[in-house]
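Me: Please take a close look at how the helices pack in this chain, both against the sheet and against one another. I would like one connected account rather than a list.

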Amino acid sequence: MSYGILIVSHVSQIAQGLPRLLAQVAPDVPLTYAGGTDDDGIGTSLEKISLALEENSASEILAFYDLGSAKMNLELASEFSEKPVHLYDVALIEGAYTAASLLQAGVSLAKVVEQLRPLKIKGG
């Protein structure tokens, strides 16, 4: 079982930039992202999210998002993915950074989830 991280943001630059930060602490954790609409406007794209899920080389995905409609599209994309997808209602940067660094250290998914629990800031 291998775990990877997917970042989804309404802004393509945020979606692109966060994995650059995470790669500094987790160079061995597969990271993919989806940002912006299909025409690179503000919003999210089911197609971009689905592609990022499939392009991630991990067998199981931990997904982090910024706003509600990103979660909605993540949930929809995960229904079509063959990979298990875990969505976290946590602060985007802090949650993804915590998960990436723990996965890099070989911590179990249960322990990652335990560490993410105090970072929950979104309803869901």
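Reply: What follows goes from the overall layout to the sheet, then to the helices that cover the sheet, and last to the contacts between helices.

The model is a predicted one, and its chain contains 5 helices and 4 strands, which follow one another along the sequence in the pattern β-α-β-α-β-α-β-α-α. The C-alpha trace spans about 35 × 30 × 25 Å along its principal axes. For 124 residues a compact globule would have a radius of gyration near 14 Å, and the 13 Å of this chain agrees with that.

The strands form an open sheet in the order β2-β1-β3-β4, with parallel pairing. Its edges are β2 (31-35) and β4 (85-88), each of which pairs on one side only, and the twist from one strand to the next averages 20°. Within the sheet, β1 (residues 3-9) and β3 (residues 60-65) run parallel and are joined by 6 bridges; in this pairing Ile 7 stands opposite Phe 64 of β3.

Two helices can be described directly by how they lie on these strands. Helix α3 (residues 68-80) packs on the sheet, where it touches β1, β3 and β4, and its direction makes about 160° with that of β3. Helix α1 (residues 12-25) lies across β1 and β2 and runs at about 165° to β2. Each of these two helices also has a helical partner, and the partners are taken in turn below.

The partner of α3 is helix α2 (residues 46-55), and the axes of the two come within 9 Å and cross at roughly 55°. Since an angle of this kind falls outside the parallel, antiparallel and perpendicular ranges, α2 and α3 are oblique to each other, and their crossing is right-handed. On the α2 side the contact is made by Leu 46, Ile 49, Ser 50 and Leu 53, and on the α3 side by Ala 70, Asn 73, Leu 74, Leu 76, Ala 77 and Ser 78. Sorted by class, the residues of this contact are 7 nonpolar and 3 polar, with no charged residue.

The partner of α1 is α4, packed against α1 at an angle of about 35° with the axes 9 Å apart, and here too the crossing is right-handed. From α1 the contact draws on Ile 14, Leu 18, Leu 21, Leu 22 and Val 25, which meet Leu 92, Ile 93, Ala 96, Tyr 97, Ala 100, Ser 101 and Gln 104 of α4. This contact has 10 nonpolar and 2 polar residues, and no charged ones.

Helix α4 (residues 92-104) has a further contact, with helix α5 (residues 109-116): the two pack at an angle of about 150°, with their axes 10 Å apart. Because angles over 145 degrees count as roughly antiparallel, α4 is roughly antiparallel to α5. The crossing of α4 past α5 is right-handed. In α4, the residues Gly 95, Thr 98, Ala 99, Leu 102 and Leu 103 meet Val 112, Gln 115 and Leu 116 in α5, a contact that divides into 5 nonpolar and 3 polar residues, again without a charged one.

Methods. Residues are numbered from 1 along each chain as its sequence is written. This is a predicted model: local features need pLDDT of at least 70, side-chain atom pairs count only at pLDDT 80 or more; totals for chains, interfaces and linings use all residues. Side-chain values use heavy atoms; hydrogens and water are left out. Axes are lines fitted to C-alpha atoms, for helices over the stretch in contact, and angles run from 0 to 180 degrees between N-to-C directions. Angles under 35 degrees count as roughly parallel, over 145 as roughly antiparallel, 65 to 115 as roughly perpendicular and the rest as oblique. A crossing is left-handed if the near helix is turned anticlockwise from the far one by less than a right angle, and right-handed if clockwise. Contact means heavy atoms within 4.5 Å. Ala, Val, Leu, Ile, Met, Phe, Trp, Tyr, Cys and Pro count as nonpolar, Asp, Glu, Lys and Arg as charged, and the others, Gly among them, as polar. Two strands pair if DSSP finds at least two bridges between them. The radius of gyration is taken over C-alpha atoms; the globule rule is 2.2 Å times the number of residues to the power 0.38.
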